[in-house]
Amino acid sequence: MSKYAAFNNETALDYVKSLGLFFSENAELTCYEFGDGNLNLVFRVADTDNNSVILKQALPYARCVGESWPLTLDRARIEAHVLQRHGNVCPAHTAKVLHHDSNKAATILEDLGAMAILRAELIAGRTFENLGRDVAQYLATTGFYHSDFYLSPQEKKSQIQNFTNPELCAITEELFFDDPYRECERNDYPAELTEQVNQLRQNTTLLCIVARLKAKFFSSPQTLLHGDVHTGSIFVSDGNTKLIDPEFGFFGPIGFDLGSFIGNLLLNYCAQNGRIKEIPKRRDVHSYLLNTISVCLQQFEQQWHALAQQHTRDLALQAPGYLDLFLQEVLQDAMGYCGTELIRRTIGLAHVADIAEIEDDAQRLVAQKQALQLGEQLLLNAKACRSIDDFYQLIISFVH
Ligand code: SR1
Ligand code: MG
């Protein structure tokens, strides 16, 4: 049985070569580590003919914090298996797993180096026409085919066990729903936000809404989530969109991924006020982001509807009218989770470069205040929304 040891450039190259699966026997290979995420090592192994693969390996701790934050290696198994299951139903928008070794916590993936990470592109003000549609397709398809509408109760319960991911879920449970709402060493925000943060923490209505969302995150195994759909988990090109990095995957509430994605678009929206100086250009990027949110919500709802009408296997869930009620609740949850994403990325541990890397202190503060206020308002008003149009109006009433 192969044993775990963290790779370096040399051992990563040797490992990929030893598999004999991706390169010709005499190929001259090069390898370098380029991971800049919070948790893992990521190597690119290439030959001289432009063939390449990505080797991703989990470390036994959170890379962004160090060995003081131990973390299960099992997340590599979860990630590879979520990618495989999501890839089976939505291959167009899921990164392809080429090989996985749970003992080494290592996965070899297709190299998406010809595409770019969405966060960096959005920060640079670049736009991608199909983004909203593609992410909606990924979320609706992977969501539907792992839900009670489609899986048998036996199969679903067995898959819930396979994807039990307590350590990574605990990170989300604490970073999304606990830390921002109380004093905590991990929180990180400027002194100028203290008053706004204190008001947030004293709002008992808001704290109850956050508690409800956390309870649902704990105990609503509705579908196999990606678990971390931020704009750093999405590769884009002019023609395509691919999701990577579902190591936080587990069976949870359907609205969580949708809300995380929209939250990240809104964080970029807030950031652009401090980034793009030319008003017409900024207006274009803002309209693009709002339009992408609108398309994503509409497509998600339409696609889920179409899948459910054609492929629902459960008899009771076919009851007339149930689907609409179900989707309304999913969208309300999504808006709530979106609010928690905006808040935790502004005052919690893990910030987004969109806002954190705005150079001018005053401009950064304006973006942070807007993100915090928007997050708060989405949380407070999500339950009152009944339609996609209500959600859209809610968002635009607080960003304009
Ligand atoms: C310690 S991990 C911090 C954040 O990075 C991941 O990508 C997740 O979003 C997590 O909350
Ligand atoms: Mg990640």
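A polar contact here is a pair of N or O atoms within 3.5 Å. Keep that in mind while you click around, and remember that this is a predicted model.

**Stop one: the ligand**

Select ligand 1 and Asp 228. A polar side-chain atom of Asp 228 lies 2.6 Å from an oxygen atom of ligand 1. Now add Asn 38, where a polar side-chain atom lies 2.6 Å from an oxygen atom of ligand 1. His 230 is worth picking too: one of its polar side-chain atoms is 3.5 Å from an oxygen atom of the ligand.

How much of the accessible area of ligand 1 does the protein cover? It covers 95% of the 310 Å² that the ligand has on its own.

To see what surrounds ligand 1, keep those three residues on screen and show Cys 64, Trp 69, Leu 175, Phe 248, Arg 344, Arg 345 and Ala 350 as well. Colour this shell by class and you get five nonpolar, two polar and three charged residues.

**Stop two: the second largest pocket**

Next, hide the ligand and go to α6 (166-177) and α8 (204-219), each of which supplies at least two residues of the lining of the second largest pocket. This pocket has a volume of about 190 Å³. Which element gives the most to its lining? That's α6, with three residues.

For the phenylalanines of the lining, select Phe 163, Phe 217, Phe 218, Phe 250 and Phe 251. Then bring in other lining residues, including Ile 160, Pro 166, Cys 169 and Pro 221. Thr 164, Asn 165 and Glu 173 belong to the lining too. By class, the lining splits into nine nonpolar, two polar and one charged.

**Stop three: the cavities**

Time to look inside. The model has three cavities of 30 Å³ or more, and the largest holds about 70 Å³ of space. Select His 86, Leu 139, Thr 142, Gly 143, Thr 223, Leu 224, Leu 225, His 226, Ile 254, Asp 257, Leu 258 and Phe 300 to show its lining. The elements giving two or more residues to this lining are α4 (131-145), β9 (223-224) and α9 (255-275). The largest share, three residues, comes from α4. Coloured by class, the lining of the largest cavity shows six nonpolar, five polar and one charged residues.

Now move to the second largest cavity, with a volume of about 50 Å³. Its lining takes two or more residues from each of β3 (52-58) and α2 (74-89). Among the lining residues to select are Lys 56, Arg 75, Glu 79 and Glu 247; you can also show Asn 40, Gln 57 and Thr 107, then Ala 58, Ala 76 and Ala 105. The class count for this lining is three nonpolar, three polar and four charged.

**Last stop: a small sheet**

Switch to a cartoon view and find the open sheet of three strands, in the order β8-β10-β11, with antiparallel pairing. Why do β8 (116-117) and β11 (241-243) each have one side without a neighbour in the sheet? They stand at the edges with a single partner strand each, so nothing in the sheet sits on that side.

To finish, zoom in on β10 (residues 234-236) and β11, which run antiparallel and are joined by three bridges. Pick Ile 234, then Leu 243 in β11: the two are bridge partners.

Methods. Residues are numbered from 1 along each chain as its sequence is written. Chains are lettered from A and ligands numbered from 1 in the order in which they are written. This is a predicted model: local features need pLDDT of at least 70, side-chain atom pairs count only at pLDDT 80 or more; totals for chains, interfaces and linings use all residues. Side-chain values use heavy atoms; hydrogens and water are left out. On a 1 Å grid over the protein atoms alone, a cavity is a set of points where a 1.4 Å probe fits but cannot get out, and a pocket is an open set with protein on both sides within 12 Å along at least five of seven lines; lining residues have an atom within 4 Å of a point. Grid points are joined across faces, edges and corners, and a volume is the space filled by probe spheres set on the points. Helices (H or I, at least four residues) and strands (E, at least two) are DSSP runs, numbered from the N terminus. Ala, Val, Leu, Ile, Met, Phe, Trp, Tyr, Cys and Pro count as nonpolar, Asp, Glu, Lys and Arg as charged, and the others, Gly among them, as polar. Two strands pair if DSSP finds at least two bridges between them. A residue is near a molecule or strand if one of its heavy atoms lies within 4 Å of it. A polar contact is a pair of N or O atoms within 3.5 Å; within protein, one must be able to donate a hydrogen and the other to accept it, and residues adjacent in sequence count only if both atoms are side-chain atoms. Accessible areas come from the Shrake-Rupley method with a 1.4 Å probe; for residues, only the protein chains shown count as cover.
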